[in-house]
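Opening the notebook on this one. I want to go through the annotated positions, a couple of helix pairs and the odd backbone spots.

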Amino acid sequence: MTDQPRRRRSHAPNRPGKPYRRPQKDPVRILAFEALRAVDERDAYANLVLPPLLRKARESAEDGGPRFDARDAALATELVYGTLRHQGTYDAIIAECVDRPLREVDPPVLDVLNLGAHQLLGTRIPTHAAVSASVELARVVLGDGRAKFVNAVLRRIAAHDLDGWLERVAPPYDEDPEEHLGVRHSHPRWVVSALWDALGGGSSGIEELLAADNERPEVTLVARPGRSTAGELLDAVGEGSAVPGRWSPYAVKLTEGGEPGALEAVREGRAGVQDEGSQLVALALANAPLEGEDRRWLDGCAGPGGKAALLAALAAERGAALLAAEKQPHRARLVARALAGNPGPYQVIAADGTRPPWRPGSFDRVLVDVPCTGLGALRRRPEARWRRRPEDLDGFAPLQRGLLREALASARIGGVVGYATCSPHPAETRAVVEDVLKGRGGPAVAAEWIDARPLLPGVPELGDGPDIQLWPHRHGTDAMYLALLRRTG
């Protein structure tokens, strides 16, 4: 609800003699505000909310509405993602500039303040422009009264640059290293602790990892084998706008941004958007040594379909068939869309991998990319760091173990199973595999580890094995984890 006057006035309240000026509507900042409100109010993800908002703004401009070009879209995207990535830091700074606990500031007001703080401290927008644009936004979406509060707070924030504020709001590293890193790099304290443990507990790498989480990831394409090539994608994008991936032979990175959907291969489903880490997981499973038949593959947690599409293409080259199973029907439809046009045999079904409809021992290769906290993809989903809680680990634990246990049961004797997750948290990675193999919380499964590291030749720093852990700061990928197992009985 806004604080707008109920009728036109010739003068602003409490300011006699000064003509009232209507607030200027800035479509870029209004769009960014709407995206942040959707993330907060509906637990939406920015990568799902932002594209339709951008499309609507472009269509409105084409129909004679306010101008909204590619530069406007880029600014709106930076404002949304930059604000979400650095929200923890900005909250700490804002808390120093208001006269009440931060929890007592209305969420819409806090969103405007965070947007303003990012323009002041995280962009090259001049100070006066950042303050005035934010105050105008506040007048439009909050009303004149609360716009004055926004103006006062932002002027206090503008008194120092980011480094100056960090000296004030981050505790000294020697006194509280986790809180220091959390404030400086905008991560909840428990996430800092978990990532630190996953790295081995030493000082090496933790600041680089936290900083990498706050970098804008490049868009990575995958050329689906037998249907497209990396060379075709490079030619289609154009020289200087894309480079080959670092590790996957099917990967192409867009260096100049751009719209992947504009590429013919992507529109036709012969290529897609997929992080290079996810590609490596599928390739490692497909290349794992296997004796005997290699005709039946299973993706037991296939939604939304990226890994399933790559696996289906790899399987087709060998004359194998893929069954892609996804519990949620709407996500199963996304999988079917991703696999449409695959030349080899495949089937997509809506099925619960913890209670599978297929017979045990039916498959030669099985992948389960299990639901998790998503702490390995904070570059792409920055809001997840504020949404997740430590107790979420306990919530995912039974599902992760159940899916792996059934995946092993679904493989034939001698078959290969890949357990993958987009989280480096120890409780979601090796602990899950060890519990299943040792029969903790359920019947023990006869299986042995396969050293996955040789299956990714040329990729350095994969860990001590036999499982592998990818990292944003080391590999430029999401923090994907993979354990490969062979069923022995």
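Here are my entries, in the order I looked things up.

**Entry 1: the domain record**

I'm working with a predicted model. I started with UniProt, where an unreviewed entry puts "domain: SAM-dependent MTase RsmB/NOP-type" at residues 195-488. I pulled the secondary structure for residues 195-488 and got 33% helix and 21% strand. The C-alpha atoms at the two ends of that stretch sit 33 Å apart.

**Entry 2: Cys422**

Which residue does UniProt list as "active site"? It's Cys422, again from an unreviewed entry. I found Cys422 in the loop that runs between strand S9 (411-421) and helix H19 (430-438). Is Cys422 buried or exposed? Its relative accessibility comes out at 16%, and the cut-off for buried is under 20%, so I log Cys422 as buried.

Next I listed what Cys422 touches, skipping neighbours within four places in sequence. The contacts include Asp369, Cys372, Gly374, Leu375, Gly376 and Ala377. Asp478, Ala479 and Met480 are also in contact with Cys422. I made a note of Asp369, as it turns up again in the "binding site" annotation.

**Entry 3: the binding-site annotation**

The UniProt "binding site" feature, from an unreviewed entry, covers Cys301, Ala302, Gly303, Pro304, Gly305, Gly306, Lys307, Glu326, Asp352 and Asp369. I picked Gly303 and Glu326 for a look.

Gly303 is in the loop between strand S5 (296-299) and helix H15 (306-317). Gly303 has 15% relative accessibility, so it goes down as buried. Leaving aside residues within four places in sequence, Gly303 contacts Glu326, Arg331 and Val335.

Glu326 belongs to strand S6 (residues 321-326). With a relative accessible area of 8%, Glu326 is buried. What does Glu326 touch, leaving aside neighbours within four places in sequence? Cys301, Ala302 and Gly303 are among its contacts, and those three are also covered by the "binding site" annotation. Glu326 further contacts Arg331, Ala332, Val335, Ile349, Ala350 and Ala351.

**Entry 4: cis bonds and positive phi**

A reminder to myself: most residues other than glycine have a negative phi, and most peptide bonds are trans. So I went looking for exceptions.

The Gly303 to Pro304 peptide bond is cis, with omega near 0°. Pro304 shares the annotated stretch with Gly303 and lies in the loop between S5 and H15. Another cis bond joins Gly465 and Pro466, with omega about 0°. I placed Pro466 in the loop between strand S10 (447-450) and strand S11 (468-469).

On phi, Glu461 isn't a glycine but has a positive value of about 50°. Glu461 lies in the loop between S10 and S11, where I had also put Pro466. Ser186 is another non-glycine with a positive phi, about 60°. Ser186 is in the loop between H9 and H10. Its relative accessibility is 0%, so Ser186 counts as buried.

**Entry 5: H9 against H10**

That loop sent me to its flanking helices. At what angle do H9 (residues 177-185) and H10 (residues 189-198) cross? The axes cross at roughly 110° and come within 8 Å. H9 and H10 are therefore roughly perpendicular, and H9 passes H10 in a right-handed crossing.

From H9, the contact uses Pro177, Glu178, Glu179, Leu181 and Gly182; from H10, it uses Arg189, Val192, Ser193 and Trp196. Sorted by class, the contact has four nonpolar, two polar and three charged residues.

**Entry 6: H3 against H5**

I checked another pair, H3 (residues 70-85) and H5 (residues 107-121), which pack at about 100° with axes 9 Å apart. That angle makes H3 roughly perpendicular to H5. H3 brings Glu78, Leu79, Gly82 and Thr83 to the contact, and H5 brings Asn114, Leu115, His118 and Gln119. I sorted these residues into two nonpolar, five polar and one charged.

**Entry 7: Arg21**

Last stop was Arg21, in the segment before helix H1 (27-42). At 44% relative accessibility, Arg21 goes down as partly exposed. Not counting residues up to four places away in sequence, Arg21 touches Glu136 and Arg139.

Methods:
Residues are numbered from 1 along each chain as its sequence is written. This is a predicted model: local features need pLDDT of at least 70, side-chain atom pairs count only at pLDDT 80 or more; totals for chains, interfaces and linings use all residues. Side-chain values use heavy atoms; hydrogens and water are left out. UniProt positions are given in the numbering used here, feature names are shortened, and annotations may be inferred rather than shown by experiment. Helices (H or I, at least four residues) and strands (E, at least two) are DSSP runs, numbered from the N terminus. Buried means under 20% relative accessible area, exposed over 50%, partly exposed in between (1.4 Å probe, protein chains only). Contact means heavy atoms within 4.5 Å. Axes are lines fitted to C-alpha atoms, for helices over the stretch in contact, and angles run from 0 to 180 degrees between N-to-C directions. Angles under 35 degrees count as roughly parallel, over 145 as roughly antiparallel, 65 to 115 as roughly perpendicular and the rest as oblique. A crossing is left-handed if the near helix is turned anticlockwise from the far one by less than a right angle, and right-handed if clockwise. Ala, Val, Leu, Ile, Met, Phe, Trp, Tyr, Cys and Pro count as nonpolar, Asp, Glu, Lys and Arg as charged, and the others, Gly among them, as polar.
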